[in-house]
Amino acid sequence: MAQQEDVFKKIVSHCKEYGFVFPSSDIYDGLGAVYDYGQNGVEMKNNIKKYWWESMVQMHENIVGLDAAIFMHPTTWKASGHVDAFNDPLIDNRDSKKRYRADVLIEDQIAKYDEKIEKEVEKARKRFKESFDEAQYRSTSPKVQELQEKRDNLHRRYQEVMNAPGGIDLEGMKQIILDEEIVCPISGTRNWTDVRQFNLMFKTEIGAAAEGSSTIYLRPETAQGIFVNYLNVQKTGRMKLPFGIAQIGKAFRNEIVARQFIFRMREFEQMEMQFFVKPGTELQWFETWKQTRMKWHQNLGFGAENYRFHDHDKLAHYANAATDIEFHMPFGFKEVEGIHSRTNFDLSQHAKYSGKKIEYFDPDTNESYTPYVIETSIGVDRMFLSVLCHAYEEQLLPDGQTRTVLHLPAALAPVKLAIFPLTKKDGLPEKAQEIFNDLRFYFNCKYEEKDQIGKRYRRMDAIGCPYCITVDQQTLEDNTVTLRDRDTMEQTRVVISELQQIVDEKVTITSLLKKLA
Ligand code: GAP
């Protein structure tokens, strides 16, 4: 576990060192849970978005795109339920004046019990060596059993307060924190306030005060922009059910616990698609979208064992099925995408609050009804993090040296091809520039002549550039260059005129889409 945490720390510093992700307003020491994407990060993020957009919109005749505004009429959020129920349970420590999510404090306590149990097991494994029977040890060790009982008891109480009939039992939560003697990590004291609900939406004012300003929210999800445009798109696009509306855009949540780098941010980006279907067919479509989305993830070649579905046992009142696609991050399996069957809740709510009839006239049955919705919702930043975590490797080479390499899928890599003259003389830079000027029309290329060739290769490995070509003396004689593969480090000689086609087949989003089909 500690080893995985170390790897994660290295990934975070690699992101900064190589221009992928910087803390926001870095010169002012950053802003909590807000990040900027650097020169390589923005390219990779754009590639992820392109892969999603083209697979969803371009490859589906019945899905169209949308780009709704971030600011929306405030009633939107009343109708959607966000004003009343988009809350986290918070608790303050009076001594440190620090604020925590009460549920996270309890979850951390459960994790502490788990860690202690694992430590005991590992100690015993070392002590008994080959003769160690883990199952028997777990069921007979008094220490492990005592810890397990405390952990299970806490977990049971936690489930009870979270699922209390009238909503989360806030008093019960505080009692658990007191009973477990959980202390504030800063002050070390148990001087806690009561637990309160805290709304996660950011508020701001629209209009100058003099003309009567009003409070509006920064959207906490892009989905509502799609729901309020359902009629516009259906009518102007002459869309027939089933059909989908897809959107990529920023969302904002005033997350209290900001941890794990870009996994949980206050400003982040979502790629959401709402698929409108005939009532009664929604669970079939839910299954279809579950499989379609999982295929999209696995198409990147990270191995099926790194993904799993986490079906929700407890459903939101408006949903009749929900699952998460989780990815194996260095800090465990974590949600990257949610797929929800949201019934007709959102459209019905907007119909009620706007007074507009939001329905579909079905020409096949001559009836009107409110469509049901299957939603697929994936965070761009979490996707970005999962790609980076899987790609990062500190590789020990046969000659005893190490290299840090990002094994990014070529189609997502920020730079596709690096072009190097072997030396800075004998006309090699001019020839290399000529190739660069030709190929930059097709993909993101980088020209570099500084430092030894080995150092230049390493820099490209560190940003996941899948191919490097080197122009040498032989190039001037026979118009060939060496083409180096990032992963195998093998070099082959290829004719310059064939370069574009060779590289193109591997690095474009089209190559990914074809595999998906
Ligand atoms: N419209 C449904 C919706 O927003 P969600 O589960 O709250 O559902 C969907 O969010 C996805 O958005 C998550 O699976 C995650 O990838 C991403 N996401 C949510 N909150 C996030 C945050 N604070 N930082 C980064 N990504 C986040």
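Which side chain has an N or O atom 3.0 Å from an oxygen atom of the ligand? That side chain belongs to Gln-270, and I will come back to the ligand after a few words on the chain as a whole.

What we have here is a predicted model, in which local features need pLDDT of at least 70 and side-chain atom pairs count only at pLDDT 80 or more, while totals for chains, interfaces and linings use all residues. Residues are numbered from 1 along each chain as its sequence is written, and side-chain values use heavy atoms, with hydrogens and water left out.

The secondary structure comes to 18 helices and 23 strands, where helices (H or I, at least four residues) and strands (E, at least two) are DSSP runs numbered from the N terminus. Of the 517 residues, 49% count as buried, a word that here stands for under 20% relative accessible area, with exposed meaning over 50% and partly exposed lying in between (1.4 Å probe, protein chains only). If we take contacts, meaning heavy atoms within 4.5 Å, between residues at least 6 apart in sequence, 65% of them join residues at least 24 apart.

Now to the ligand. Besides Gln-270, the side chain of Glu-255 places an N or O atom 2.9 Å from a nitrogen atom of the ligand, and a polar side-chain atom of Glu-375 also lies 2.9 Å from a ligand nitrogen; the cut-off for a polar contact is a pair of N or O atoms within 3.5 Å, and within protein one must be able to donate a hydrogen and the other to accept it, with residues adjacent in sequence counting only if both atoms are side-chain atoms. Taken alone the ligand exposes 560 Å², of which the protein buries 91%, the areas coming from the Shrake-Rupley method with a 1.4 Å probe, and for residues only the protein chains shown counting as cover. The elements giving two or more residues to the shell around the ligand are β10 (267-277), β13 (332-341) and β16 (372-379), and β13 gives the most, with five residues.

Finally, where does Asn-306 lie? Asn-306 is in the loop between α11 (282-298) and β11 (307-311), and Asn-306 counts as buried because its relative accessibility is 12%. Its side chain reaches the backbone oxygen of Phe-302 at 2.8 Å, and, leaving aside neighbours within four places in sequence, Asn-306 is in contact with Glu-326, Phe-327, His-328, Phe-333 and His-390.
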